[in-house]
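Let's take a walk through a protein chain together, from its surface to its interior. Have the sequence and the 3D view ready.

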Amino acid sequence: MKIIEPVTTEEVLETFRRTGPPHDDITARDAESYAEKMTLLAVEQHGEPWYRVRLSRKDVLAVVLPWHRGENGELELVPPTGATVQETLTRLSAWGDEYPTANPLCWEKLHRHSDTDLSPLILSAGVVDHPHYADLSDRDSLTHLDGLHRMLAWGLEGRLPRFRRLDAYVVGLNRY
């Protein structure tokens, strides 16, 4: 991870609004309010500043994802103890055609992001006090606040950058 510059919470939210999920029935359902809520919660707990950073493929694959039921599907995509992006991609690959059938809404979100432009992620340097993060076993790694479906979709499609880096906004780096 390479730190580029400090930024304000408003810059993070403006970037999210400009580059965030498309506004349609599938992806817009509470995405903006959830991302904003998590962004503000992270600031409340970790304080400013945010940092714009560049992540390598290895960095992105190591991001910890919080519990995710897969949009209330039959298969739990990420357990309550969390999983890295790499571990979740391995799980999705192992499920094959079972996941789209068992979790159609989550799969549709993944499909919708499979060819979207690479856009900045919103991450925290550690967990936030929220039920989806309560049981995470890794509490100090780069942790997802927004971008779960994008990271997984880009990973499934082989689009995570191998040489070029992916921008992200991270709060809590000043704790280290």
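Start on the outside: the accessible surface of the chain is about 8600 Å², and 48% of this area belongs to carbon and sulfur atoms. Such areas come from the Shrake-Rupley method with a 1.4 Å probe, and for residues only the protein chains shown count as cover. Bear in mind that this is a predicted model, where local features need pLDDT of at least 70, side-chain atom pairs count only at pLDDT 80 or more, and totals for chains, interfaces and linings use all residues. Residues are numbered from 1 along each chain as its sequence is written, and side-chain values use heavy atoms, with hydrogens and water left out.

Now follow the fold. The chain has 7 helices and 7 strands, where helices (H or I, at least four residues) and strands (E, at least two) are DSSP runs numbered from the N terminus.

Next, look inside. Of the 176 residues, 51% are buried, meaning under 20% relative accessible area (1.4 Å probe, protein chains only). A nonpolar core is a set of buried Ala, Val, Leu, Ile, Met, Phe, Trp, Tyr and Cys residues joined through side-chain atoms within 4.5 Å. The largest one here holds 32 residues, and Leu55, Leu77, Val85, Leu121, Leu123 and Leu152 touch the most other members. Helix 7 gives this core its largest share, 5 residues.

Zoom in on Val85: beyond its neighbours within four places in sequence, Val85 is in contact (heavy atoms within 4.5 Å) with Val60, Leu61, Val63, Leu65, Met151 and Leu152. Apart from this core lies another, of 18 residues, including Val7 and Val171.

Technical notes
Buried < 20%, exposed > 50% of the residue type's maximum accessible area, 1.4 Å probe, protein only.
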